[in-house]
Every structure is written in C-alpha cells, then in structure tokens.
Amino acid sequence: MLTGKQKRYLRSQAHHLDPVFQIGKGGTNEHLFRHIEEAIEKRELMKISILSNNLDDKNEVAAELAERTGSELVQILGNTITLYKESRDNKQIQLP
C-alpha cells in the first residue's frame with residue numbers, strides 16, 4: 001500500500017506522461033493485462049486511458065487493472081488511470 005505522500009509524489013511524476021494503453025468498447029481481457037504487466041515492469045509508472053465508448057464503470061476497471069497486474073492504483077483523473085508497480089530489474093523511481 002502506498003501512503004498519501006508517496007501517491008502525491010507519484011502523481012507529480014506522472015503529470016507529464018501520456019497514456020500508454022487505451023481501453024475501448026471491448027473492455028479488458030487477458031491479452032491487455034499481460035501487455036500492461038510487461039510495460040509496467042519496464043516503466044514502473046504508467047497511465048491508461050479509458051475511451052468514451054467504453055460503458056464500464058471507470059472505478060471498477062481501475063480496480064480490476066490494479067488487481068490483475070499486481071500494481072497500485074495511484075489516481076483516477078477523468079478517464080485516465082495512473083498505476084505504479086516497483087520494477088524488479090529496472091528500478092528508476094525512489095519513493096519518499
């Protein structure tokens with residue numbers, strides 16, 4: 001679990017990032033989870049955009065993404081989800 005101070009720090013680091021993945025009409029699936037796991041291992045911090053044609057609740061999608069990828073939910077802002085997972089091999093972010 002991330003503390004409030006750590007989430008604030010991660011939000012500031014994620015501010016300049018662009019979304020890496022988009023979740024559209026088809027919703028989430030195993031293929032998407034696998035790709036997100038691989039990408040977050042390299043990046044540690046990433047944004048995912050939920051397109052307007054997706055009818056699922058964004059909070060449920062965010063919780064499912066965090067759970068299935070083993071990452072921490074940092075923020076949901078509009079239709080953008082920010083996730084963090086500490087990398088085993090490519091550690092770049094030092095949390096306060």
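These are my notes on the cores, one helix and one serine in a predicted model.

**Ground rules.** Residues are numbered from 1 along each chain as its sequence is written, and side-chain values use heavy atoms, with hydrogens and water left out. Because the model is predicted, local features need pLDDT of at least 70 and side-chain atom pairs count only at pLDDT 80 or more, while totals for chains, interfaces and linings use all residues.

**Cores.** I looked up the largest nonpolar core (buried Ala, Val, Leu, Ile, Met, Phe, Trp, Tyr and Cys residues joined through side-chain atoms within 4.5 Å; buried means under 20% relative accessible area, exposed over 50%, partly exposed in between, with a 1.4 Å probe and protein chains only). I found 16 residues in this core, and F21, I36, I48, L65, I81 and L83 have the most contacts inside it. Helix α2 (30-43) and strand β1 (21-23) are among the elements that give two or more residues to this core (DSSP runs numbered from the N terminus: helices are H or I, at least four residues; strands are E, at least two). With 5 residues, α2 gives the most. Apart from this core lies another, of 7 residues, L2 and V74 among them.

**Helix α1.** Which residues of α1 (4-14) are buried? I noted Q6, L10 and A14. They sit on the same side of α1 because they cover an arc of only 70 degrees around the axis, taken from the directions from the helix axis to the C-beta atoms. K5 and R8, on the other side, are exposed.

**S87.** I found S87 in the segment after β4. S87 is buried, at 4% relative accessible area. S87 touches E41 and E44, not counting residues up to four places away in sequence; contact means heavy atoms within 4.5 Å.
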